[in-house]
2 protein chains.
Amino acid sequence: MSMQDVYDWIDANADECVRDLQRFVQQPSISAQNVGLRECATLVREMMHADGLPAEFHELDEGPPVVFGHLEAKKPSKTILCYSHYDVQPPEPLDEWTHGGPWSGEIVDGVMYGRGSTDNKSGVLAFNKAAKAFLQVRGEVPVNLKFLIEGEEEIGSPNLAAWAEKNEELLKADGMHCLDGSMETGTQVPDVSLGLKSVLFVELIARGAKMDVHSLNFPLVESPVWELVWALNTILDRDRKILVEGWEEGIWQLGPDDEQQLTDKAARVDLNALKEEWGISEFALGRDGVDAIRARTYEPTANIQGMIAGYTGPGRKTIIPNEARVRMDFRLIPNIQPADAIRKLKAHLEKHGFGHIEVQAFDGAEPPYKISVKEDISQAIIAAATEVYGELPVVNGVSAEGAILRHVWIPCVLTGFANPGANLHAPDENIRVDRYLQGIKYAAAIMEHFGRT
Amino acid sequence: MSMQDVYDWIDANADECVRDLQRFVQQPSISAQNVGLRECATLVREMMHADGLPAEFHELDEGPPVVFGHLEAKKPSKTILCYSHYDVQPPEPLDEWTHGGPWSGEIVDGVMYGRGSTDNKSGVLAFNKAAKAFLQVRGEVPVNLKFLIEGEEEIGSPNLAAWAEKNEELLKADGMHCLDGSMETGTQVPDVSLGLKSVLFVELIARGAKMDVHSLNFPLVESPVWELVWALNTILDRDRKILVEGWEEGIWQLGPDDEQQLTDKAARVDLNALKEEWGISEFALGRDGVDAIRARTYEPTANIQGMIAGYTGPGRKTIIPNEARVRMDFRLIPNIQPADAIRKLKAHLEKHGFGHIEVQAFDGAEPPYKISVKEDISQAIIAAATEVYGELPVVNGVSAEGAILRHVWIPCVLTGFANPGANLHAPDENIRVDRYLQGIKYAAAIMEHFGRT
């Protein structure tokens with residue numbers, strides 16, 4: 001069935017779609033600062049009701065409510081879970097905003113400005129308005145829809161997993177997606193990510209004497225900073241191989257589809273633009289082309305965010321620092337579980353004689369996931385993107401951005417329609433109005449295509 | 001010949017010795033702040049003339065003058081060079097001084113307070129008053145004496161080497177010593193150091209992209225902090241062995257005398273007091289006893305004073321830091337030349353693929369030195385200390401403290417008479433008046449004993 005009728009409704013009702021997004025952006029909803037969250041949830045519920053969609057509050061243990069709605073198709077259908085969030089990042093620094101500041105929703109030259117305009121209020125409304133279009137034009141939606149709109153995504157969804165665990169039945173679906181992604185710089189088509197790396201934050205702390213000791217005593221005193229250097233050296237080698245025993249156990253093995261995606265992507269993105277942006281003449285280890293894309297997508301990483309010990313000011317200070325700290329982020333690739341990774345790291349340090357180094361692993365690491373391009377949800381989204389954008393999307397095996405509901409296993413795709421330069425998490429966040437309206441069509445096409453599978 | 005006559009003169013003229021030290025302490029002479037230096041040099045010259053000693057100014061390229069005097073014995077004799085300095089450390093923090101502040105010279109309960117009272121104005125006067133005592137009592141000194149009193153020791157003697165190079169004849173001597181040392185905590189006898197480690201300050205700087213890059217790009221971007229970790233790991237192993245090729249070339253080989261000194265010292269010092277002070281249960285690598293003393297004295301070291309890279313504040317920052325720095329001090333043991341050490345370190349980094357890491361070596365590293373306990377100057381000082389203090393001094397193969405004139409090779413000993421708790425370089429620097437008078441006798445006994453060799 002052609003989608004033209006639905007697209008026509010969206011075009012004809014563009015003013016309503018844009019006005020609702022403005023109203024939505026004008027309602028602050030900063031999860032990190034606990035500002036306006038319940039008000040914003042209420043607004044979401046109210047707008048959904050006005051659009052003829054079901055929506056009710058689900059209270060979490062703490063924090064603002066999840067807005068949940070379940071809309072069934074008339075004929076027996078699969079179910080797609082539409083995940084989005086109504087909270088936004090803090091708007092600071094305020095003086096770097098133009099166009100009336102973070103809560104204006106002002107439109108200038110076809111671009112709407114405001115915190116949340118891209119991330120993720122336009123995503124919320126893309127789902128809602130797409131569903132409304134179907135109801136208005138056809139009197140039914142092409143697939144069962146579940147809407148899950150949470151208010152703590154930007155702070156790592158601290159209460160969502162516990163709620164999900166108690167609501168497995170409610171969450172059951174055949175596919176899940178969110179429109180929290182974007183377009184790769186240099187392309188005009190959505191990124192489609194068939195999985196997500198997980199970010200594991202770890203701080204290692206080595207301690208020594210009860211105070212900094214004069215360095216003439218070096219032969220007699222443990223040096224925490226040297227201990228940390230030696231310990232780190234056992235974790236990652238210069239070929240960027242993680243040496244922790246069993247780290248890659250259960251790791252996703254690339255198949256022909258994955259290789260094909262890498263080849264396709266390498267043909268479409270301009271890696272030299274990245275080198276120029278970063279001011280480097282070549283990538284690490286001389287990687288380039290499809291190898292660079294493969295490494296960036298699938299390599300488990302052990303980054304050092306920061307390291308500090310002792311005295312680093314002007315001049316000299318002849319001390320053996322009694323404490324040294326290193327802050328790391330490990331990117332876990334599918335299907336390495338964060339809890340396993342922490343356990344393996346601790347066992348590794350112990351085994352190599354660094355059991356005295358304290359390991360602080362930060363809570364809230366989402367497990368990574370990966371689905372096949374052959375999944376119905378993958379195929380539906382690729383078909384929808386091709387239809388709406390006129391060419392194939394950029395398909396990523398795994399993405400490193402965002403966090404998503406992962407208690408209940410549902411094949412899940414991250415994609416998005418935001419224009420490059422949308423400044424999400426930064427001042428002057430914005431969305432091109434035409435991209436937003438196109439995004440609603442994209443959401444509608446996904447529903448349609450998934451309904452056909 | 002008994003020294004009693006000379007000691008008696010010192011006791012009888014204690015008031016004069018103490019008054020001169022007060023007057024000397026009351027004249028500020030802060031080399032780091034260029035305060036009062038020429039005035040202090042003038043006072044030194046004036047006091048030497050009043051004591052019947054030769055003294056004249058030698059102007060350096062920059063900075064305050066060296067005060068130099070040459071006093072010959074009547075009979076043909078060896079020559080001993082008495083090195084000392086009239087400049088002092090900055091007195092800050094001023095509000096932590098009691099007893100009238102840093103320039104009072106006030107005596108309370110037999111202790112004189114003031115900056116320089118120990119380091120090194122009492123040392124200067126110990127030489128002068130000892131020589132005066134000989135002249136007064138015997139009409140001659142027992143050995144040819146050269147006095148070299150400089151004014152920039154506390155800032156690393158930046159102009160002295162160039163002057164020494166032009167004045168080799170003037171500096172010629174059979175032995176050299178200075179009284180800039182002290183007593184080991186827990187003993188009441190002077191430390192006698194037959195050499196000095198050198199401290200080589202080095203900063204290593206690794207640089208990467210032109211800005212911090214998001215850590216999801218880790219597979220594509222060089223990580224300067226990892227580069228530094230890997231580079232450091234090639235420099236020192238966990239057994240504290242420096243791995244730089246040829247680092248120990250020309251290193252002092254311990255002989256039976258050196259081993260004997262270590263055994264003697266181990267029998268006299270309380271290493272558990274050090275552990276308690278530092279709050280540790282054991283020394284690094286389980287060292288103890290004579291092994292600990294040997295390592296502390298003779299092991300070349302590669303200490304990390306400080307290290308910094310990226311973000312280390314609260315929370316997380318998913319960046320690959322584009323710069324990392326480590327500040328090190330290498331203690332060079334005899335007879336490793338600092339310039340050779342820097343060259344070897346650079347070659348080592350280059351060879352191991354870290355040639356891109358910048359090596360900043362700080363100027364002003366004095367070469368280390370080491371003399372035999374059998375040298376006349378060593379024997380004279382040990383005999384003098386035994387005579388004046390009633391027991392053998394603690395003899396160190398090498399000391400790690402202080403800096404000394406080293407352009408012209410003269411067997412040189414560092415020793416001292418300051419009481420433990422003299423707070424040198426700290427507020428309430430002080431010297432026990434009885435220790436000061438004993439120090440004058442020590443200086444006299446050294447002259448006498450060296451004259452006999």
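Chain B lays onto chain A with an RMSD of 0.1 Å, after a turn of 180 degrees and a shift of 0.1 Å along the axis. That is how a two-fold axis relates copies. The same surface serves both copies, with 100% of the contact residues of chain B recurring in chain A. The superposition is by least squares on C-alpha atoms of residues with pLDDT of at least 70 in both copies. Contact here means heavy atoms within 4.5 Å.

A word on the basis. This is a predicted model, where local features need pLDDT of at least 70 and side-chain atom pairs count only at pLDDT 80 or more, while totals for chains, interfaces and linings use all residues. Side-chain values use heavy atoms, without hydrogens or water; residues are numbered from 1 along each chain as its sequence is written, and chains are lettered from A and ligands numbered from 1 in the order written.

Which residue of chain B comes closest to the rotation axis? B:Ile308, with its C-alpha at 2.3 Å.

Now inside chain A. Domain 1 covers 4-196 + 369-452, and domain 2 covers 198-251 + 300-361. Those bounds come from an automatic or database domain assignment. The C-alpha centres of the two domains of chain A lie 39 Å apart. Five residues from domain 1 of chain A and four residues from domain 2 of chain A make the contact.

How much area is buried between them? About 290 Å², with carbon and sulfur atoms giving 59%. Buried area is the accessible area (1.4 Å probe) that two parts lose on being put together, summed over both. Between these domains of chain A, the salt bridge count is zero (Lys or Arg side-chain nitrogen within 4 Å of an Asp or Glu carboxyl oxygen).
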